[in-house]
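Biologist: I am new to this structure, and I would like a close look at one part of it. Please choose a single residue to start from and walk me outward into its surroundings.

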Amino acid sequence: MILLFLILASFMQLCFGVVYKVGDSAGWTTIGNVDYKQWAANKTFSVGDVIVFQYSPQFHNVMQVKHAEYQSCNASAPIATHTTGKDSITIATHGHHFFLCGVPGHCQAGQKVDINVLRASSSPSPSPSPSSSSSTVPAVAVPSPSPSHASYWLPSKIGVFLAVSLVLVSFA
C-alpha cells in the first residue's frame with residue numbers, strides 16, 4: 001500500500017504545474033524596486049505552470065506583448081490584457097512570454113517580466129533567441145483560485161486519470 005502511495009505521489013508531481021506569484025511577496029508593483037528580470041531568472045518555468053500577477057487594479061494592469069513591444073515598453077498592441085488584480089495565466093507553450101504593465105511609465109520603471117519556458121530535453125540545447133520565440137501565442141487565462149482554495153496545484157487531465165486509476169486499482 002505504501003508503494004502504491006509513493007507511485008501515486010510521483011505521478012501527481014509530474015502532472016501538476018507549479019504556481020508562481022510574480023514578484024513573490026511584493027507582487028506586481030513599481031514600489032520597492034522589484035527586479036522582475038532577476039525574479040524570473042531564479043525560476044525554472046514549465047508548460048502547465050501558472051503565473052499569478054497580484055496588484056492593485058486601480059494602479060496597474062498586465063499586458064502580454066511581443067518581444068519588440070516588451071523591449072520598447074510599447075503597450076499599444078497587446079496580445080492580451082488583464083485587469084482583475086489577481087490574474088492567473090497558465091503557460092501553454094514553450095518559449096518566451098512577455099508581460100508588462102501598460103500604465104504610462106511603469107514598464108520603463110521596470111514593471112515587466114520575461115517568462116522563458118525551455119523545452120525539456122535529455123541533452124542541453126541553446127536557448128531560443130528572442131526573435132524566434134513563440135511569444136505571439138497568447139497564454140490561456142484561468143480564473144483565480146477561490147479564497148478557500150488552499151492549494152495552487154492544477155491537475156492535467158492525464159494526471160487525474162492516472163491518479164484515479166491507481167487508486168481504483170488499489171481497492172480492486
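Modeller: Happy to, and let's begin with V103. Its relative accessibility is 25%, and partly exposed covers values from 20% to 50%, so V103 counts as partly exposed. Please keep in mind that this is a predicted model.

V103 sits in the loop that links β7 (95-100) with β8. Setting aside residues up to four places away in sequence, V103 touches F59, H60 and N61. Another residue to find on your screen is V62: V103 and V62 are 41 residues apart in sequence, and their C-alpha atoms are 9.1 Å apart in space. V62 belongs to strand β4, which covers residues 62-65.

Now step from the loop into the strands. Strand β4 is joined to β7 by three bridges, and the two run antiparallel. M63 shows this pairing, with L100 as its bridge partner in β7. β7 is also joined to β8, here by six bridges, and again the strands run antiparallel. L100 appears in this pairing too, standing opposite K112 in β8. So β7 is paired with both β4 and β8. How many residues of β7 are buried? Six of the six are buried, so β7 is largely enclosed by the rest of the structure. In a regular strand, the side chains alternate between the two faces of the sheet.

Follow β8 next, and it leads to the largest nonpolar core. This core has 18 residues, and those with the most contacts inside it are W28, F53, V113 and I115. The elements that give two or more residues to the core are α2 (36-41), β3 (50-54) and β8 (112-117). Apart from this core lies another one, made of seven residues, among them M63, V65, F98 and L100. You have already met M63 and L100 as bridge partners.

V113 is a good residue to click on if you want to see how the surroundings come together. Leaving out neighbours within four places in sequence, V113 is in contact with V22, W28, Y36, W39, A40, F53, Y70, H97, F98 and F99. Among these, F98 is a member of the seven-residue core, while W28 and F53 are among the best-connected residues of the 18-residue core.

There is also open space to look for in this area. Rolling a probe the size of a water molecule over the atoms shows where empty space is left. The largest pocket holds about 360 Å³ of space. It is lined by 19 residues, and A40, K43, F45, D114 and N116 lie nearest its centre. Two or more lining residues come from each of α2, α3 (67-72), β7 and β8. The most come from α2, with three residues. A40 therefore turns up in two places: it is in contact with V113, and it is one of the residues nearest the centre of the pocket.

From α2 you can step back along the chain into the loop between β2 and α2, where G27 is found. Is G27 buried or exposed? G27 is buried, because its relative accessible area is 2%, and buried means under 20%. Not counting neighbours within four places in sequence, G27 is in contact with K21, V22, Y36 and Q54. Two of these, V22 and Y36, are also contacts of V113. G27 and Y55 are 28 residues apart in sequence, yet their C-alpha atoms are 6.2 Å apart.

The loop that holds G27 has two further residues to pause at. Most residues other than glycine have a negative phi. D24, which is not a glycine, has a positive phi of about 50 degrees. D24 lies in the loop between β2 (19-21) and α2, and D24 is partly exposed because its relative accessible area is 41%. N33, also not a glycine, has a positive phi near 50 degrees. N33 has its place in the loop between β2 and α2, and with a relative accessible area of 72%, N33 is exposed.

To finish, here is the wider setting. The chain has four helices and ten strands. Of its 172 residues, 33% are buried. Among contacts with a separation of 6 or more, 75% are between residues 24 or more positions apart.

Key: Residues are numbered from 1 along each chain as its sequence is written. This is a predicted model: local features need pLDDT of at least 70, side-chain atom pairs count only at pLDDT 80 or more; totals for chains, interfaces and linings use all residues. Side-chain values use heavy atoms; hydrogens and water are left out. Buried means under 20% relative accessible area, exposed over 50%, partly exposed in between (1.4 Å probe, protein chains only). Contact means heavy atoms within 4.5 Å. A nonpolar core is a set of buried Ala, Val, Leu, Ile, Met, Phe, Trp, Tyr and Cys residues joined through side-chain atoms within 4.5 Å. Two strands pair if DSSP finds at least two bridges between them. On a 1 Å grid over the protein atoms alone, a cavity is a set of points where a 1.4 Å probe fits but cannot get out, and a pocket is an open set with protein on both sides within 12 Å along at least five of seven lines; lining residues have an atom within 4 Å of a point. Grid points are joined across faces, edges and corners, and a volume is the space filled by probe spheres set on the points.
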